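Please consider how pairs of charged side chains are arranged in the structure shown here. The account below proceeds pair by pair.

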Amino acid sequence: MWTDGACKGNPGIGGWGALLRSGGHTKELFGGEATTTNNRMELTAVIEALGALNRRSTVLLHVDSTYVMQGIQSWIAGWKRNGWRTASKQPVKNADLWRLLDAAVAEHDVQWKWVKGHAGDPGNEAADALANRGVDQVRAGAR
C-alpha cells in the first residue's frame with residue numbers, strides 16, 4: 001500500500017491518493033477537499049486506504065510523510081496519555097484525523113515504511129498522481 005497527499009497552497013485545495021496491491025489485484029483510490037492542508041491530506045490518504053480493506057490484513061504501508069511516520073510511531077502515545085495535548089500542553093493539530101488513523105491502524109497489522117517522495121519509487125509516484133487527481137476532481141467540481 002502506498003499513500004500520498006497533495007495541496008495547492010497550504011492551506012488550499014487538497015487531494016489524497018492511495019494505491020493498494022495484493023497478489024495480482026490493484027485498487028486506486030483518490031479524493032480531495034476544497035480547503036485543507038497537506039498534513040490533513042497525508043493523514044486522510046492513510047485512513048481511506050486502510051478503510052478500504054474489508055477484513056483484518058497485514059499491510060506494508062509506504063508513506064513519504066515524516067509527519068505521519070513520526071506521529072503514528074512516536075508522538076501518538078504521548079498525545080493520548082496527555083488528553084490529545086502536545087508536550088507543550090497545546091491541542092494536537094488534526095486530532096480528529098489522528099483519532100481516526102489510530103482506530104484504523106488498530107484494525108490491521110501495519111508495518112510502516114518511509115519512502116522519499118518524488119524520488120522514483122513507482123508506488124509513491126502512482127499515489128502522488130492519484131492525489132493530484134483528487135485535486136483536479138475538486139477543481140472541476142468547484143467551477
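The following paragraphs describe salt bridges in this model, which is a predicted one.

Side chains of opposite charge can pair when their charged atoms come close. A search of the whole structure yields four salt bridges, and three of the pairs are treated here in turn.

One of these salt bridges is formed by the side chains of R40 and D96, with a distance of 2.9 Å from N to O. R40 belongs to helix α1 (residues 38-51) and D96 to helix α3 (residues 95-106), so this contact ties together parts that are 56 residues apart in sequence. D96 has a relative accessibility of 41% and therefore counts as partly exposed.

Another salt bridge joins D109 to R56, where the closest N and O atoms are 3.1 Å apart. Because D109 is located in strand β5 (residues 109-114) and R56 in the loop between α1 and β4 (58-63), the pair ties together parts that are 53 residues apart in sequence. With a relative accessible area of 39%, D109 is partly exposed.

Helix α3 also takes part in a further pair: the side chains of D102 and K80 meet in a salt bridge at 3.0 Å, N to O. D102 lies in helix α3 and K80 in helix α2 (residues 66-81), and this pair links distant parts of the chain, 22 residues apart. Is each partner buried or exposed? D102 is partly exposed, its relative accessible area being 23%, and K80 is likewise partly exposed, at 41%.

Notes:
Residues are numbered from 1 along each chain as its sequence is written. This is a predicted model: local features need pLDDT of at least 70, side-chain atom pairs count only at pLDDT 80 or more; totals for chains, interfaces and linings use all residues. Side-chain values use heavy atoms; hydrogens and water are left out. Helices (H or I, at least four residues) and strands (E, at least two) are DSSP runs, numbered from the N terminus. Buried means under 20% relative accessible area, exposed over 50%, partly exposed in between (1.4 Å probe, protein chains only).
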